[in-house]
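Let's take a walk through a protein together, one piece at a time. Keep the picture open beside you and look up each part as we reach it.

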Amino acid sequence: MAKKSKKQQSGGTPATVALTAAGVAYTVHSYDHDPSHPSYGEEAAEAMGVSPDRVFKTLVADVDGTLTVAVVPVSGSLDLKALAAAVGGKRATMADPTLAERTTGYVRGGISPLGQRKRLPTVLDDSATAHPTICVSAGRRGLEVELTPADLAKLTAAVLAPVGRG
């Protein structure tokens with residue numbers, strides 16, 4: 001994976017700007033987003049030719065009144081009870097999409113765990129550690145960033161926990 005130069009950073013998203021500022025190695029993958037595709041994450045995996053187990057979606061949930069980010073494989077779903085437990089909460093529900101967009105600064109289908117407008121508690125599904133690199137949204141539909149799970153966890157101060165369901 002190559003680091004992006006400052007010149008490439010200028011046209012980037014808040015996610016790629018954050019990665020560049022942190023000096024983290026990453027690769028950007030872009031593809032033509034099809035608005036009719038039923039799943040943003042599965043579309044990304046298909047377009048990039050990457051296993052859906054290595055492409056992670058960013059979901060925003062409400063855990064006991066606190067917006068919390070869950071990063072789980074697109075091949076599965078989020079276990080809300082496990083998410084609540086991972087952050088010491090009792091109950092989790094999916095966040096209102098408008099609130100998630102306003103809080104993160106990204107649109108649904110393009111929410112990145114990186115470079116969010118407001119830093120939220122983050123939980124990364126522990127299956128990420130089985131892969132040398134994973135892909136997450138780079139901040140807009142049709143744009144993914146590939147990086148190591150360790151770098152993603154470090155930059156987001158993520159807790160690693162089994163929050164995905166296959």
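Which residue in β5 is the bridge partner of A61? Find A61 and look across to β5: the partner is M94. Before we go on, please keep in mind that this is a predicted model.

A second bridge links these strands, with V63 paired to A92 in β5. Altogether, β2 and β5 are joined by 3 bridges and pair in the antiparallel sense. Now turn to β3, another partner of β2. Here the pairing is again antiparallel, over 8 bridges, and one of the pairs is K57 with V72 of β3. If you follow the chain from β2 into β3, you pass through a hairpin with 2 residues between the strands. D64 sits in that turn and has a positive phi of about 50°.

Let's step back to see the whole sheet. It is open and has 5 strands, in the order β5-β2-β3-β6-β9, and its pairing is mixed. At the edges are β5 (residues 92–94) and β9 (residues 159–161), each of which pairs on one side only. Going from one strand to the next, the twist averages 35°.

There is another open sheet to find, made of 3 strands in the order β1-β8-β7, with antiparallel pairing. Its edges are β1 (27–30) and β7 (134–140); each has a single partner strand, so one side of each is left without a neighbour in the sheet. Neighbouring strands here are turned by 35° against each other on average, direction ignored. Look at β7 and β8 (residues 143–147): they pair in the antiparallel sense over 5 bridges. One of these matches S137 with E144 in β8.

Next, look at helix α3, which covers residues 40–48. Which of its residues are buried? They are G41, E43, A44, A45 and M48. A general point about helices helps here: an α-helix has 3.6 residues a turn, so residues three or four places apart point the same way. Among the elements that cover the buried residues of α3 are β1, β7 and β8. Just after the helix comes G49, which takes a positive phi of about 70°.

Now for the inside of the protein. The largest nonpolar core has 26 residues, and those with the most contacts inside it are V60, L114, L124, V136, V145, L147 and L152. Several elements, namely α2 (14–22), β2 (56–63), β3 (66–73), β7, β8 and α6 (149–156), each supply at least two residues of this core. Try picking out L152: leaving aside residues up to four places away in sequence, L152 touches V71, P113, L114, L124, I134, V136 and L147. A second core, separate from this one, has 12 residues, including V72, L78, L83 and V163.

One loop deserves a visit too. T133 lies in the loop between β6 (122–125) and β7. Is T133 buried or exposed? Its relative accessibility is 11%, and T133 counts as buried because the cut-off for buried is under 20%. The side chain of T133 also makes a polar contact of 2.9 Å with the side chain of R54.

Finally, let's see what a record adds. UniProt, in an unreviewed entry, places the feature "domain: YbaK/aminoacyl-tRNA synthetase-associated" at residues 42–155. In the model, this span is 25% helix and 32% strand, and its end C-alpha atoms lie 25 Å apart.

Conventions:
Residues numbered from 1 in each chain as written. Predicted model: local features only at pLDDT ≥ 70, side-chain atom pairs only at ≥ 80, totals over all residues. Heavy atoms only, no water. Pairing = 2+ DSSP bridges. Helix = DSSP H or I, 4+ residues; strand = E, 2+ residues; numbered from the N terminus. Axes fitted to C-alpha atoms, helices over the stretch in contact; angles between N-to-C directions. Core = buried A, V, L, I, M, F, W, Y, C linked by side-chain atoms within 4.5 Å. Buried < 20%, exposed > 50% of the residue type's maximum accessible area, 1.4 Å probe, protein only. Contact = heavy atoms within 4.5 Å. Polar contact = N/O pair within 3.5 Å; in protein donor to acceptor, adjacent residues only side chain to side chain. UniProt positions renumbered as here; feature names shortened; annotations may be inferred.
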